[in-house]
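Colleague: I should like to go through this model with you, from the overall fold to single residues. Please give the reasoning behind each answer.

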Amino acid sequence: MSNYTDKIREISERLLKQGKVDMVIGFKKGTVPMMNEPCFVKKPEDISKLVWDSHCGINLANYLTDRKEKIGVIAKGCDSRNIVTHVIENKIKREQLFIIGVPCEGMIDRRKIASMFQTGSETEILSVAEQNGKIIVRTKDGEKTSERADLLQKNCALCVHRNPVIYDELVAEPVAEQKNIDRYADIREIEAMPPDQKWQYFDDLFSACIRCYACRNACPLCYCPTCFVDESRPQWVGKSTDPIDTKTFHFLRAYHCAGRCTDCGSCERVCPVGINMRVLTRKLEKDCFESFGWEAGLSLEQRPPLDVYKTNDPEDFIK
Amino acid sequence: MSANWEPKIVAFFCNWCTYGAADLAGVSRMQYPPNIRVIRIPCSGRMSPKFILSAFRNGADGVWVSGCHPGDCHYLEGNYYARRKFSLFKNLIEYMGIEPGRLHFSWISSAEATKFVEVVTGVTDAVRALGPHEKFVKTNVKVA
């Protein structure tokens, strides 16, 4: 996948030189390994900043909201689905975009890399390289190698839309989609718990949350001018790290993503304390699929599930 | 739980139907449990998840949302949209550990005073059986 870089640069340079786009949104190397940063390239001479490797997990659709210029954007499967969501929610026009599609084989979970080393030890990771499906991690004490497939982000391991759903140009041939994936095994496990155990599960899950809102900020769906957590009159959600306030926040954050979340994993990826808040968004994803037959971001023609209705929608829960 | 504990239930009623049914039950002198605190909303489509969470956070033992039958909405389709939101909401809040039986939904037209009495009795019994709600309550909250 890392050989995509040349092709991305070539396409981006052509687009900028021909004036087809005003800028290209992609990734550049971060200051530490595994931390690629979003990068806005506006001049052809800066094109060499753009890179592509297995650490481009952030969702670039997040940077398109309400943009007015013509933009070339690099899109993995999940980014492209979020671009579709953006287009149907009128946050950007399709005509403004030149989508450089990237068939994706999943991104690497930096926490899994860190856990290859003894926990607690302050081993600094100096570099992470990739070769023939293996990941080579170098520290000052030496090298460790592991299978790439074992180090994928959790959402990437469950991904069934690796190829972009819309694009203007692909950087490589589409990759094979993963088949026979059971996306909701853990969700069903929680569903089967008795209420008190569920409550305890989520208590434990969110106990580390510091309410930094990184999950909200990294999420391409979260673009309200005033977020519900910032409202103060009336103030629906407490701002403290009280467990109930934290739960209310996570509940509403997930609920706002109902029928829109593509499970790109940005929220979990950016969480400084590694909370798996995707168990909430994926529950909604599962319900949307089971109740309304909906998968987010697959078509520009269909309206999202909470924007339409059927007269025979499920209502066994209503008296 | 003290022996004379009574559940507090916050009831959100659509102005055009269930609120009318409650009114009709009242003027017809029908008997029903006095555990509901009624909040009138313009349409069940006006319900926001924040309202329900807020009720629970402030100590409600149960929440009940009721609107017009599908097809009867004063605004033609408000309750159809609401139905989709409610279905996801109910699943999610029960997924997080609120007991099934705390949150209720119903369709009651303004002529159905008998159904209103049946449902309010049913809702109160269900919440009473569960006992006081302690999970989503913000304990140190100061309500002005």
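Colleague: How many helices and strands does chain A have, and what is its radius of gyration?

Modeller: In this predicted model, chain A has 10 helices and 9 strands. The globule rule gives 20 Å for 319 residues, and the chain agrees closely with that figure, so chain A is as compact as a globular protein of that length. Its radius of gyration is 20 Å.

Colleague: What percentage of the residues of chain A count as buried?

Modeller: The C-alpha trace of chain A spans about 65 × 50 × 45 Å along its principal axes. Among contacts in chain A between residues at least 6 apart in sequence, 66% join residues at least 24 apart. Of the 319 residues of chain A, the share that counts as buried is 38%.

Colleague: Into which domains is chain A divided, and how far apart do the C-alpha centres of domain 1 and domain 2 of chain A lie?

Modeller: The assignment divides chain A into domain 1 (1-105 + 160-181), domain 2 (110-150) and domain 3 (182-314). Contact between the first two involves 5 residues of domain 1 of chain A and 7 residues of domain 2 of chain A. On the side of domain 1 of chain A that touches domain 2 of chain A there are 2 nonpolar, 2 polar and 1 charged residues. The C-alpha centres of domain 1 and domain 2 of chain A are separated by 26 Å.

Colleague: Which elements of chain A cover the buried residues of α1(A)?

Modeller: Helix α1 of chain A covers residues 4-17 and reaches 20 Å from its first C-alpha to its last, close to the 20 Å expected. Its buried residues are A:Y4, A:I8, A:R9, A:I11, A:S12, A:L15 and A:L16. The covering elements of chain A include β1, β2, β3, β4, β5 and β9.

Colleague: Is α10(A) largely enclosed or open, and against what do its buried residues pack?

Modeller: Helix α10 of chain A (residues 278-292) should span 21 Å at 1.5 Å a residue, and its end C-alpha atoms are 20 Å apart, which agrees. Because 11 of its 15 residues are buried, α10(A) is largely enclosed by the rest of the structure. Among these buried residues are A:R278, A:L284 and A:F292. They pack against α4, α5, α8 and α9 of chain A together with α3 of chain B.

Colleague: Which element gives the most to the largest nonpolar core?

Modeller: The largest nonpolar core has 113 residues, and those touching the most other members include A:L284 and B:L92. Leaving aside residues up to four places away in sequence, A:L284 touches A:A254, A:C257, A:A258, A:C261, B:L88 and B:L92. The element that gives the most to the core, with 7 residues, is α3(B).

Colleague: Which helix supplies the largest share of the side of chain A that touches chain B?

Modeller: The contact takes 35 residues from chain A and 32 residues from chain B. On the chain A side, α5, α6, α8 and α10 each supply at least two residues. By class, that side has 20 nonpolar, 4 polar and 11 charged residues. Its largest share, 8 residues, comes from α8(A).

Colleague: Is A:D66 buried or exposed, and is B:R29 buried or exposed?

Modeller: A:D66, in the loop between β3 and β4 of chain A, has a positive phi of about 60 degrees although it is not a glycine. B:R29, in the loop between α1 and β2 of chain B, likewise has a positive phi of about 60 degrees without being a glycine. A residue with 12 or fewer C-beta neighbours within 10 Å is exposed. A:D66 has 10 such neighbours and therefore counts as exposed, and B:R29 has 6 and therefore also counts as exposed.

Colleague: Where does A:P234 lie?

Modeller: The peptide bond from A:R233 to A:P234 is cis, with omega near -5 degrees. A:P234 is found in the loop between α7 and α8 of chain A.

Colleague: With which residues is B:D72 in contact, leaving aside neighbours within four places in sequence?

Modeller: B:D72 lies in the loop between β3 and α3 of chain B. With 15 other C-beta atoms within 10 Å, B:D72 is partly exposed. Its contacts beyond those sequence neighbours are B:C17 and B:S109.

Key:
Residues are numbered from 1 along each chain as its sequence is written. Chains are lettered from A and ligands numbered from 1 in the order in which they are written. This is a predicted model: local features need pLDDT of at least 70, side-chain atom pairs count only at pLDDT 80 or more; totals for chains, interfaces and linings use all residues. Helices (H or I, at least four residues) and strands (E, at least two) are DSSP runs, numbered from the N terminus. The expected span of a helix is 1.5 Å times one less than its number of residues. A residue is buried if 20 or more other C-beta atoms lie within 10 Å of its own, exposed if 12 or fewer, and partly exposed in between; C-beta atoms are placed from the backbone. Ala, Val, Leu, Ile, Met, Phe, Trp, Tyr, Cys and Pro count as nonpolar, Asp, Glu, Lys and Arg as charged, and the others, Gly among them, as polar. A nonpolar core is a set of buried Ala, Val, Leu, Ile, Met, Phe, Trp, Tyr and Cys residues joined through C-beta atoms within 7 Å. The radius of gyration is taken over C-alpha atoms; the globule rule is 2.2 Å times the number of residues to the power 0.38. Domain bounds come from an automatic or database domain assignment.
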